[in-house]
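User: Hi! I'd like to learn how to read side-chain features in a structure, with the cut-offs spelled out. Could you walk me through this one?

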Amino acid sequence: MNLQPAQLQEHLKRGLKSLYTLHGDEPLLVQEFADALRAEARQQGYTERTVHTVAGAHFDWSEVLASGGSLSLFADKQIVEIRIPSGKPGKDGSVALQQIAERAQGDDATLTLVMLPKLDGMTTKGAWFGALDSFGVTVKFDPIDRRNLPQWISQRLQMQGQRVAAGEEGQRTLQFFSDRVEGNLLAAHQEIQKLALLYPAQSGAGDGTLSFEQVENAVLNVARYDVFKLAEAVLGGQSVRVARMLEGLQAEGESEVLVHWALSEDIRSMKRVKDAIAAGRPMPMALRDNRVWGVKEKLFERVLPQIDDTTLSNLLQAAHKVDGIVKGLKQPDWPASGWQALHRLAGMVCEQCAAAPAGRAAVQGRAR
């Protein structure tokens, strides 16, 4: 049985189930959902809790199976949590999870909570996941898209009695907030909590409305910039975002050498994959051979067919020059400042990636 995260409260009104499987790559949302289940369970007398973290190929699943079938002398009901950070339970784990799922049916004494990371399509077709889904409740947590982040922030503010101003000012405030936290929900959550402390909704004559200036003062210096997120933005052809991230990394004192490494490593990877494809290697295999996975895999698949060998060679040469600049050397026709050179290199890659079909659509969307 599949359940949307937003349906939790309605679901709980109909009563707890005995088995829940949570999977996704938004730790905040997964944690909040699990906390809500635990809180409801405690109210219903689930006083004992055991946690098993599956790590390594030789994990002892017998302990997990045993804990689900036994209660202490002081508890009538229990919560059993099974955390699988890798998302791969292994052969023994697959068998054990199928047994756990079947045993959960009609078990009013044990609430089993299985917590997993984001899973690929092949994993969700496995027998163990199918059993969890058939005998229990499965909840998938998708990332909050950057376009939907302002709305998510607005909803979270409302939950603590706050809101932004109506109209254009409010939209500008939410967009500013979204840009500063760079899509990081944990960072956004922390700043929303900070706003509740700084500007309590019930204090004085206030009605909980936050001005742009209040939000700006609260979050101005707390943006979380990430070198590897920068590389994804570059491959996505998001020039405005890339410029802002570089400025943030510089302000936070990030190493120029590390930023250069992230940019140049992607250029080298594109060249290696391109060469492998030219030699007859299928793109999926070439990407796997060069350890290009996840978000970057999709970005490479989009941009590589649009970038020719000459362009990649020019980008490699540019990356080589910037390598010297960030290490204190001067290069003809290049800025002497390492950060300025990084801006230029990132802009060159952005320009090529934005020329790919999806990149053009993204640029046009921002222009509108």
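Analyst: Happy to; we will take burial and polar contacts, then salt bridges, cysteines and a surface patch. This is a predicted model, where local features need pLDDT of at least 70, side-chain atom pairs count only at pLDDT 80 or more, and totals for chains, interfaces and linings use all residues. Residues are numbered from 1 along each chain as its sequence is written, and side-chain values use heavy atoms, with hydrogens and water left out.

User: Let's start with Gln78: is it buried or exposed?

Analyst: The general idea is a relative accessible area: under 20% is buried, over 50% is exposed, and partly exposed is in between (1.4 Å probe, protein chains only). Gln78 has a relative accessible area of 1%, so it is buried. Gln78 sits in strand S4 (residues 77-83); strands are DSSP runs of E with at least two residues, helices are runs of H or I with at least four, and both are numbered from the N terminus.

User: Which backbone oxygen does the side chain of Gln78 reach?

Analyst: First the rule: a polar contact is a pair of N or O atoms within 3.5 Å; within protein, one must be able to donate a hydrogen and the other to accept it, and residues adjacent in sequence count only if both atoms are side-chain atoms. Here the Gln78 side chain reaches the backbone oxygen of Ser67 at 2.8 Å. A polar contact of 3.2 Å also links the side chains of Gln78 and Thr110.

User: How many salt bridges does a search of the whole structure find?

Analyst: A salt bridge needs a side-chain nitrogen of Lys or Arg within 4 Å of a carboxyl oxygen of Asp or Glu. The search finds 17 salt bridges. One of them joins Arg38 and Asp35, at 2.6 Å from N to O. Both residues lie in helix H2 (residues 27-43), three residues apart, about one turn of the helix. Arg38 is buried because its relative accessible area is 5%, while Asp35, at 36%, counts as partly exposed.

User: What about Arg281 and Asp323: which partners do they have?

Analyst: Arg281 meets Asp289 in a salt bridge of 2.9 Å, N to O. Arg281 is partly exposed at 37%, and Asp289 is partly exposed at 46%. Asp323 pairs with Lys327, with the closest N and O atoms 3.2 Å apart. Asp323 is partly exposed at 23%, whereas Lys327 is exposed at 57%. Salt bridges that share partners also join Asp35, Arg38, Arg49, Glu81 and Arg83 into one network.

User: How many disulfides are there?

Analyst: A disulfide is a covalent bond between the sulfur atoms of two cysteines. The test is a pair of cysteine sulfur atoms within 2.5 Å, and by this rule the count is zero. Cys350 is in no disulfide, its nearest cysteine sulfur being that of Cys353, 6.7 Å away. Cys350 is buried at 4%, and Cys353 is buried at 0%.

User: Which residues make the nonpolar surface patch?

Analyst: Patches use residues with over 30% relative accessible area and no salt bridge; like charges are joined within 9 Å, and nonpolar side chains (Val, Leu, Ile, Met, Phe, Trp, Tyr) within 5 Å. Phe228, Leu258 and Trp261 make a patch of about 290 Å², with accessible areas from the Shrake-Rupley method and a 1.4 Å probe; for residues, only the protein chains shown count as cover. Trp261 lies in helix H13 (residues 256-278) and is partly exposed at 41%.
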